[in-house]
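User: Hi, I have a structure open and some quick questions. Can you walk me through it?
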Amino acid sequence: MQFEQHEGRSDQRADIYALGVMLYEMLCGQRPSGAFDPPSHRVQVDVRLDEVVIKAMQQAPERRYQQVSEM
C-alpha cells in the first residue's frame, strides 16, 4: 500500500503507481523491490520503457504521471 493510500489522500496517481508495478512485473517476471534495476537491465526491452516504468513508480505522487493518458 502506498503512503498516500494509508493516509487516506490517494487519487488516480496511486493507480498509476500500481500500473507501473504491474508493467514491471509483466516485463521482468518479478515484482520490483527496494532499489530495483530498470527493466532493460534485466530483460531485452526498449530503454524507453524504463522511463515509463520509473516515472510511474515514483514515490512522490507529484513526480508520477498525473493522468494515465500521459503514459
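User: How many aromatic pairs does the structure hold?
Analyst: One aromatic pair. Keep in mind that this is a predicted model.

User: What sort of pair do Tyr24 and Phe36 make?
Analyst: The pair is edge-to-face, because the ring planes of Tyr24 and Phe36 stand at 75 degrees. Over 60 degrees counts as edge-to-face. The ring centres are 5.2 Å apart.

User: Where in the chain do those two sit?
Analyst: Tyr24 is in helix α2. Phe36 is in the loop between α2 and α3. They are twelve residues apart, so the pair links distant parts of the chain.

User: Is Tyr24 buried or exposed?
Analyst: Tyr24 is buried, at 2% relative accessibility. Phe36 is partly exposed, with a relative accessible area of 26%. The cut-off for buried is under 20%, so Phe36 misses it.

User: New topic. How many salt bridges are there?
Analyst: The count comes to three. Side chains of opposite charge can pair when their charged atoms come close.

User: Which residue does Asp11 pair with?
Analyst: Asp11 pairs with Arg13, at 2.9 Å from N to O. Asp11 is partly exposed, at 30%. Arg13 is buried, with a relative accessible area of 17%.

User: And what about Glu25?
Analyst: Glu25 forms a salt bridge with Arg31. Their closest N and O atoms are 3.8 Å apart. The cut-off is within 4 Å, so the pair counts. Glu25 is partly exposed at 31%, while Arg31 is exposed at 58%.

User: Which residue is the partner of Arg48?
Analyst: Asp46. The closest N and O atoms of that salt bridge are 2.7 Å apart. Arg48 is exposed, at 58% relative accessibility. Asp46 is partly exposed, at 36%.

User: Let's switch to α4. Which of its residues are buried?
Analyst: Asp50, Val52, Val53 and Ala56.

User: What do they pack against?
Analyst: The buried residues of α4 pack against two helices, α2 (12-28) and α3 (39-42).

User: I clicked on Leu49. Where does it lie?
Analyst: Leu49 lies in helix α4, which covers residues 47-56. At 30% relative accessibility, Leu49 counts as partly exposed.

User: How far apart are Leu49 and Leu27?
Analyst: In sequence, 22 residues. In space, the distance is 9.4 Å, C-alpha to C-alpha.

User: Now the outside. Which residues make the nonpolar surface patch?
Analyst: Leu19, Met22, Met26, Val68 and Met71 make a nonpolar patch of about 460 Å².

User: Where is Val68 found?
Analyst: Val68 is in the segment after α4. Val68 counts as partly exposed, at 48% relative accessibility. Patch residues need over 30%, so Val68 clears that cut-off.

User: Last thing. What pLDDT does the chain average?
Analyst: The chain averages 91. At least 70 is the score for 89% of the residues.

User: Where is confidence lowest?
Analyst: In helix α1 (residues 3-6), with a mean of 58. Confidence is highest in α4, at 97.

User: Why does that matter for reading the model?
Analyst: Where pLDDT is low, the predicted coordinates should not be read in detail.

Note on methods
Residues numbered from 1 in each chain as written. Predicted model: local features only at pLDDT ≥ 70, side-chain atom pairs only at ≥ 80, totals over all residues. Heavy atoms only, no water. Helix = DSSP H or I, 4+ residues; strand = E, 2+ residues; numbered from the N terminus. Buried < 20%, exposed > 50% of the residue type's maximum accessible area, 1.4 Å probe, protein only. Salt bridge = Lys/Arg side-chain N within 4 Å of Asp/Glu carboxyl O. Contact = heavy atoms within 4.5 Å. Patch = residues over 30% accessible without salt bridge, like charges linked within 9 Å, V, L, I, M, F, W, Y side chains within 5 Å. Areas by Shrake-Rupley, 256 points an atom, 1.4 Å probe, with all protein chains shown as cover. Phe/Tyr/Trp six-rings, centres within 6.5 Å; stacked < 30°, edge-to-face > 60°. pLDDT = per-residue confidence, 0-100.
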